[in-house]
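Please open the structure in a viewer and keep the sequence beside it. The tour below proceeds by selection: each stop says what to pick next and what is there.

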Amino acid sequence: MEVEIKASISRFINGLNNHDLVDIEATVFCPHFRIRGTNLKIWDTAKEFFDDFKALVDSDNWKYSIIDDIKIDIVSDEKAHVDFTFSRFTKDDSLIGQYKNLLIMTKHNGSWGIRGGSNCG
């Protein structure tokens, strides 16, 4: 199970890095939610999520992200809480910052994806 969850997160990050909506749609389950600070945002489609993501990171010259650490807490056969840390970089490979998220992952139709989470980056 952990291997499948980590593979889904890797595919998600690759989708962001490569602007690949197919990978985003495969790994972001909708409706999708995020809590940023105390604000709740809900997206009805993965495309809406990705469009908002691009607008957010364009402001800090983001080019790509890498996974730093993943810790998985299996809640059931179809749900996991993931402590996920990643770093963002600019086009010239300068570090923008390192961020920690809590992801809520679920299994749907045999595949793991991110249903929502709480993030600081």
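Select S8 and display its contacts (heavy atoms within 4.5 Å). Leaving out residues up to four places away in sequence, S8 touches T27, M105, W112 and G113. The model is a predicted one, in which local features need pLDDT of at least 70 and side-chain atom pairs count only at pLDDT 80 or more, while totals for chains, interfaces and linings use all residues. Residues are numbered from 1 along each chain as its sequence is written, and side-chain values use heavy atoms, with hydrogens and water left out.

S8 is part of helix α1, residues 2-18. Helices (H or I, at least four residues) and strands (E, at least two) are DSSP runs, numbered from the N terminus. Is S8 buried or exposed? Its relative accessible area is 6%, so S8 counts as buried. Here buried means under 20% relative accessible area, exposed means over 50%, and partly exposed lies in between, with a 1.4 Å probe and protein chains only.

**Along helix α1**

Now extend the selection to the whole of α1. Its buried residues are I5, S8, I9, F12, I13, G15, L16 and N17. The expected span of a helix is 1.5 Å times one less than its number of residues. For the 17 residues of α1 this gives 24 Å, and the end C-alpha atoms are 24 Å apart, which agrees.

Move next to H19, which follows α1 and lies in the loop between α1 and α2 (21-27). Phi of H19 is near 50 degrees, a positive value in a residue other than glycine. Most residues other than glycine have a negative phi, and most peptide bonds are trans. H19 is partly exposed, with a relative accessible area of 46%.

**From T27 into the hairpin**

Select T27, in helix α2. T27 is buried, at a relative accessible area of 2%. Apart from residues up to four places away in sequence, T27 touches S8, R11, F12, G113 and I114. A distance to draw here is that from T27 to K107: the two are 80 residues apart along the chain, and their C-alpha atoms are separated by 10 Å.

Go on to P31, in strand β1. Which peptide bond is cis here? The bond from C30 to P31 is cis, with omega near 0 degrees.

Then show strand β1 (residues 28-36) together with strand β2 (residues 39-43), which pair in the antiparallel sense over 5 bridges. Two strands are taken to pair if DSSP finds at least two bridges between them. R34 has K41 in β2 as its bridge partner. The two strands form a hairpin with 2 residues between them, and G37 in the turn has a positive phi of about 70 degrees.

**The largest pocket**

Select R34, R36, F49, F53 and R88, which lie nearest the centre of the largest pocket among the 18 residues that line it. The elements giving two or more residues to this lining are α1, β1, α3 (46-58), β4 (79-90) and β5 (95-108). Which element gives the largest share of the lining? That element is α3, with 4 residues. By class, the lining divides into 10 nonpolar, 4 polar and 4 charged residues. Ala, Val, Leu, Ile, Met, Phe, Trp, Tyr, Cys and Pro count as nonpolar, Asp, Glu, Lys and Arg as charged, and the others, Gly among them, as polar.

A pocket is found on a 1 Å grid over the protein atoms alone, as an open set of points where a 1.4 Å probe fits, with protein on both sides within 12 Å along at least five of seven lines; lining residues have an atom within 4 Å of a point.

**Strands β5 and β6**

Select T106, in strand β5. T106 is buried, with a relative accessible area of 16%. Beyond residues up to four places away in sequence, T106 touches F29, E78, K79, S111, W112, G113 and R115.

N109 is found in the loop between β5 and β6 (111-119). N109 has a positive phi of about 50 degrees although it is not a glycine, and it is exposed, with a relative accessible area of 72%.

The last selection is S111, in strand β6. S111 counts as partly exposed at 39% relative accessibility. Its contacts, setting aside neighbours within four places in sequence, are F29 and T106. To return to the start, draw the C-alpha distance from S111 to S8: they are 103 residues apart in sequence and 8.3 Å apart in space.
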